[in-house]
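Reader: Hey, can you walk me through this one? I'm after the cysteines and the rings.
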Amino acid sequence: MRKITNQELGRLTPEEYKATAKTPVTVVLDNVRSMNNIGAFFRTADAFAIEHIILCGITATPPNREIHKTALGAEETVDWSYEKSTLDAVKHLKEQGYEVWAVEQVENSIMLQDFTMQPGKRYAVVFGNEVMGVDQKVVDACDGAIEIPQCGTKHSINVSVSGGVVLWSLFCDYRKQL
């Protein structure tokens, strides 16, 4: 096997990416502390053509050198906004017709492999702080919760890794509908 060069990958220019159809998913980051995690979300959102990221609370915003180190420019291609209150962000998304789901371990959560996007609907997924997770008031305001099944002893995954797992699953689910 020969590795494919960057030139052979046929990557979109930033302008082409902005104009491309997006996966109808918005990511909400609830007080995410680590700029490496924030940058990783931008890069993952770029890879799966996620429509928007909402950075909330203490979550840092671009332009930021530390975010850029992980995002590698994706913070310039993925649409994003800042909202001081995650609860307000969830409220605004619901007013716009989004189904909003916390990614969290809660009673009556739906396991990721059992979650199915419905055609024609727009979704938002809320990822929480590295220590506290998604704030309980935010969980209460969501339409439900998605949980990533785990078999190890820790029962926790880094928030940006959780983002990759969930966004990949939603991206695949959506692409099956096309």
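Author: Sure, a definition to start: a disulfide is a pair of cysteine sulfur atoms within 2.5 Å. This is a predicted model, where local features need pLDDT of at least 70 and side-chain atom pairs count only at pLDDT 80 or more, while totals for chains, interfaces and linings use all residues. Residues are numbered from 1 along each chain as its sequence is written, and side-chain values use heavy atoms, with hydrogens and water left out.

Reader: OK, so how many disulfides does the structure hold?
Author: Zero. C151 is in none, and the nearest cysteine sulfur, in C172, is 20 Å away.

Reader: Is C151 buried or exposed?
Author: Exposed, because its relative accessibility is 82%. The cut-offs are under 20% relative accessible area for buried, over 50% for exposed and partly exposed in between, using a 1.4 Å probe and protein chains only. C172, at 23%, counts as partly exposed.

Reader: New topic: how many aromatic pairs are there?
Author: Six. Rings of Phe, Tyr and Trp (its six-membered ring) pair if their centres lie within 6.5 Å; planes under 30 degrees apart are stacked, over 60 edge-to-face and the rest tilted. One of the pairs is W101 with F115, edge-to-face because the planes sit at 75°, with centres 4.8 Å apart.

Reader: What else does F115 pair with?
Author: Y123, also edge-to-face, at 5.8 Å centre to centre and 80° between the planes. F115 is buried at 9% relative accessible area, and Y123 is buried at 2%.

Reader: And which residues do ring pairs link into a cluster?
Author: F48, W168 and F171.
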